[in-house]
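Please open the structure in your viewer and keep the sequence panel visible. The tour below proceeds by selections, each followed by a description of what is found there.

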Amino acid sequence: MHYKRLIPIVLLKDGLLVRSQLFKFHQAIGDPIPTIKRLSDWGVDEIILLNIGMTNNFDSRRDDKWHNIGQSNFNNLITKISRFCFAPLSVGGFIRTKNDLKELFNCGADKCIMNSSIFENQSLVKWAVKEYGAQSIVASLDIKAVKSTYKIFTNNGNKLVNLNLSEAIQYCLDIGVGEIIISSIDYDGSTEGYDPYILQNIPNDLEIPIIINSGARHTNHFVEALKKESIQAVAASNIFYFTELSYPIIKNKINKKVNLLRKSKLLSDLIEREPKYSDIDKKNLLSKGNKDKFFDKKKFHGHLKIKPKYCKRCLYPSLSASPMQFNNEGICMGCKIYERKSSINEGEFNNRKKILLEIAKKKKSSSNYDCIVSVSGGKDSYYQTHYVKNELNLNPLLVTYNGNNFTKEGWDNLIRMKDVFKCDHIIVSPSVDILKKLNKIAFIVMGDMNWHNHIGLYTAAPRVAIQYKIPLIFWGEHGYADLCGQFSDEDFPEMNYRERLEHAGRGFDWNFFVDIDKITSKDMFLWKYPSDKEILKLGLRQIYLGNYVKWESNNHLKMMIEKYNFKVSDKKFERTYRRGSNLDDIYENGIHDYMKYIKFGYGRCTDHASKDIRSGLISREKGIDLINSMDHIKSKDLYRWLDYVGMTEKEFDRIADHFRDPRVWTWNEKSGWERDIITADKEL
Ligand SMILES: [Zn+2]
C-alpha cells in the first residue's frame with residue numbers, strides 16, 4: 001500500500017522555535033533541538049524545518065542549557081540535528097546559491113525546500129534538480145487571497161508573484177521539482193482547517209506529490225485533505241507543540257477514519273528518550289567547579305554587548321530567561337497575550353468550564369480519585385484545589401514534591417491542605433543527602449541549584465498518575481505563557497515531556513547526574529519520568545487550569561487568605577516586593593533568582609512588576625523604581641545554601657560568573673561588573 005504522510009513543520013526564527021500566525025505574528029515557544037528530538041522519538045513520517053527569520057546566523061546563547069546552540073548558524077544546527085534525528089529531514093530558508101544547497105545536503109538535509117529562488121533563480125533550481133535528483137528538491141508556494149483572486153507570494157509572504165495557483169503549479173512542474181508544498185498565508189495559525197481554495201484547486205492528475213499546509217487543528221481537517229486524490233501529504237506546525245504525544249495521538253485518530261497513513265510507532269520504545277551525555281561533555285560542564293579553573297573577566301570587554309530592549313508597556317527585557325518576541329510597536333508578547341486574555345468574556349469562560357468538565361468525565365478512572373492536583377502549598381495550589389473541588393466537584397488526590405526548601409509559612413500552608421480541603425495528600429520527599437548533591441552539581445553545571453525542584457515537581461505527579469492509574473492531572477497556570485506570551489491561551493498547551501526537559505530541566509534529565517559524586521541510577525528514581533508507552537496507554541493529560549479559568553493571582557491570594565486562612569510571609573523578601581509568591585521554596589525568591597540576574601541582568605522583581613503593570617496595579621515608573629532597588633540584591637539565603645551544600649561565597653561567585661551573558665555584562669577594572677539599567681527619564 002502506498003501511504004500518505006503526516007508532516008510536522010518546525011519554524012525557526014533567530015535560532016528559536018516559533019509559533020506562527022498569518023506569517024506575521026510570531027511567539028517564541030522553545031528550542032529546536034529538544035523539539036526535533038521529540039518528533040523523532042514519535043516516529044514521524046518526515047520533518048520540515050524552515051528558517052523564517054531575517055538571517056541564517058543567530059545568537060541564541062544559553063550557557064545554562066544542555067542544548068545551547070549559542071552563536072551559530074542554520075547549517076551547524078542541521079548538522080547537530082542529523083546526529084539524533086531518525087526522520088527524513090526537509091529544510092528550507094535562504095537558499096540562494098549552489099553552495100547553499102551543497103552545504104545543506106552535506107549537513108544532513110534529505111530534501112531542500114525552495115521558495116523565493118523558485119521564481120527568482122530558475123537556473124539554480126534546474127541545476128539542483130539535475131545535481132541532486134527531483135525527489136530532493138521541493139518547491140514551496142505561499143498563497144494569499146488578493147481581492148477576488150488568489151496569488152502566490154515569496155519572501156515570507158511579502159513579495160507578490162503575479163501567478164495564480166494553477167499557473168504556479170505548472171511553472172514548478174516545468175522546472176522539474178519533485179514535490180510542492182502549498183501553504184496559505186490567510187489560514188496560517190487559524191485552526192480553521194486547510195484553505196478551501198487550495199483544497200479545491202489542486203489538479204488531480206499531477207505526477208508529483210503535493211503537501212498541503214496551514215490551519216489544520218482537528219482530525220477532520222486532516223481527513224478531509226487526505227481524502228483528496230491530489231494530496232499526498234498533510235502538514236501542520238503549531239498543534240504538534242501543545243500537547244504530549246500529539247503526533248501519534250493525531251495519527252491514530254486520522255487512521256481510525258481513513259486508513260491512509262503508516263501506522264504510528266514510537267521510536268522511544270527502542271531508543272532512549274533522554275538526551276545522551278558523553279563523559280567528555282560532563283567533565284567539561286563540571287570543570288566550572290574546579291577551584292583552580294580560571295575565569296577570564298577581561299573577555300567581557302563589551303564587544304558582544306547589545307543594547308537592551310525593554311517592552312514599552314511593561315518592563316520585560318528582550319534578553320530573558322524565556323525567549324521573548326516583541327511586535328513592531330515594541331510591545332512584548334507577554335503584554336499582547338495578557339491583553340487578549342483580559343478581553344475574554346464570562347461566556348467564553350463558562351464554555352471553557354464545560355470543556356473541562358467534559359474532559360474530566362472522559363478521564364473518569366476506576367481509581368478512588370477523579371484527578372490529581374499537583375500542589376506546592378502556595379496560593380495557586382490552594383486556588384487550584386479549591387476550583388477542582390468546589391467548582392468542578394471532583395475528588396482530587398493532592399501530590400507534592402518536597403525539595404526540602406520550604407519556608408515556614410509555605411510548609412504550614414502545605415500541611416494544612418489535607419484538612420482544609422478534606423483531600424488525600426501524597427508528599428514525595430527525596431533523601432536530603434541526594435538533594436544536597438543535586439543542589440551543588442546543578443549549580444555548577446547550569447547555574448541553578450533548583451534543578452531537582454523543577455524536574456522533581458514535574459515528575460512526581462505524572463509518576464503517581466501512572467502508579468494509581470489516574471489519567472488527569474491539573475496544574476495551575478502556564479508560567480511562560482502568562483509571563484512571556486509563550487503560547488496563546490486558545491492553544492490550550494498541556495504539560496509534557498518536552499516542556500519538562502527543555503524549560504524546567506534546561507535539557508538536563510535524570511541520567512546526566514548518574515556517576516557524578518557517586519550518584520547511581522537508583523538514586524535518581526524519583527526524577528525518572530514515566531515512559532511514552534505508559535503515558536500513551538493511560539491516556540494521561542496534564543491540564544493547566546490557567547487556560548480555562550480567569551487567572552488573577554492577586555485576587556486569588558486575597559480570596560485564599562479570607563476563605564482558607566492562607567498564610568503569607570510575615571517578613572519582606574529581599575528580591576521582590578510581593579509576599580505571597582513562592583513560599584514553597586526559600587531560594588526561588590532569593591539566591592536561585594539572583595542567578596537569573598547574573599545570567600540575564602534582571603530578576604523576579606522585574607517579573608512581578610511587569611505582571612502588576614499589565615494588570616494596572618502599579619505604574620511603569622513605580623515598576624522601574626522597584627526593579628532598580630531590588631534586581632541586583634544578593635539575598636542572605638545564600639549563606640543558608642552555602643552552609644547546606646558546603647561551599648564558600650568566593651567559590652559561589654567564581655562559578656556564578658561563568659554564566660554571565662556577554663551581551664548584558666561588561667567588566668570594568670575599577671568598578672567591577674556593569675550592565676545598562678532603565679530609568680524613568682532615560683528609556684533604553
Ligand atoms: Zn510587555
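**First stop: helix α14 and its cover.** This model is predicted. Select α13 (379-391), β16 and β17 together: these elements are among those that cover the buried residues of α14. Which residues of α14 are buried? They are G410, N413, L414 and M417. In general, an α-helix has 3.6 residues a turn, so residues three or four places apart point the same way.

Now select α14 as a whole, residues 408-420. At 1.5 Å a residue, its 13 residues should span 18 Å, and the C-alpha atoms at its ends are 18 Å apart, so the expected and computed values agree. Beyond the helix, select K422, which follows α14 and has a positive phi, near 50°.

**Second stop: the sheet.** Two of the covering elements, β16 and β17, also belong to an open sheet of five strands. Select the strands in the order β17-β16-β15-β18-β19; their pairing is parallel. Why does one side of β17 (424-428) and of β19 (541-544) lack a neighbour in the sheet? Both stand at the edges, and each has a single partner strand, so one side of each is left without a neighbour there. From one strand to the next, the twist averages 25°. Strands of a sheet pair through backbone hydrogen bonds, either parallel or antiparallel.

For a detailed view, select β16 (residues 396-401) with β17: these strands run parallel and are joined by five bridges. Within this pair, select Y401 and V428; V428, in β17, is the bridge partner of Y401.

**Third stop: E120.** Select helix α4 (residues 116-120), in which E120 lies. Is E120 buried or exposed? E120 counts as partly exposed, because it has 15 C-beta neighbours inside 10 Å, whereas a buried residue would need 20 or more. Add R96 to the selection: R96 and E120 are 24 residues apart along the chain, and their C-alpha atoms are separated by 9.1 Å.

**Last stop: the whole protein.** Clear the selection and view the entire chain, which contains 25 helices and 21 strands. The radius of gyration is 26 Å, close to the 26 Å given by the globule rule for 684 residues, so the protein is as compact as a globular protein of that length. Along its principal axes, the C-alpha trace spans about 75 × 65 × 50 Å. Of the 684 residues, 49% are buried. Among contacts with a separation of 6 or more, 71% are between residues 24 or more positions apart.

Terms used
Residues numbered from 1 in each chain as written. Predicted model: local features only at pLDDT ≥ 70, side-chain atom pairs only at ≥ 80, totals over all residues. Pairing = 2+ DSSP bridges. Helix = DSSP H or I, 4+ residues; strand = E, 2+ residues; numbered from the N terminus. Axes fitted to C-alpha atoms, helices over the stretch in contact; angles between N-to-C directions. Buried ≥ 20, exposed ≤ 12 C-beta atoms within 10 Å, placed from the backbone. Expected span 1.5 Å × (residues − 1). Contact = placed C-beta atoms within 7 Å. Rg over C-alpha atoms; globule rule 2.2 N^0.38 Å.
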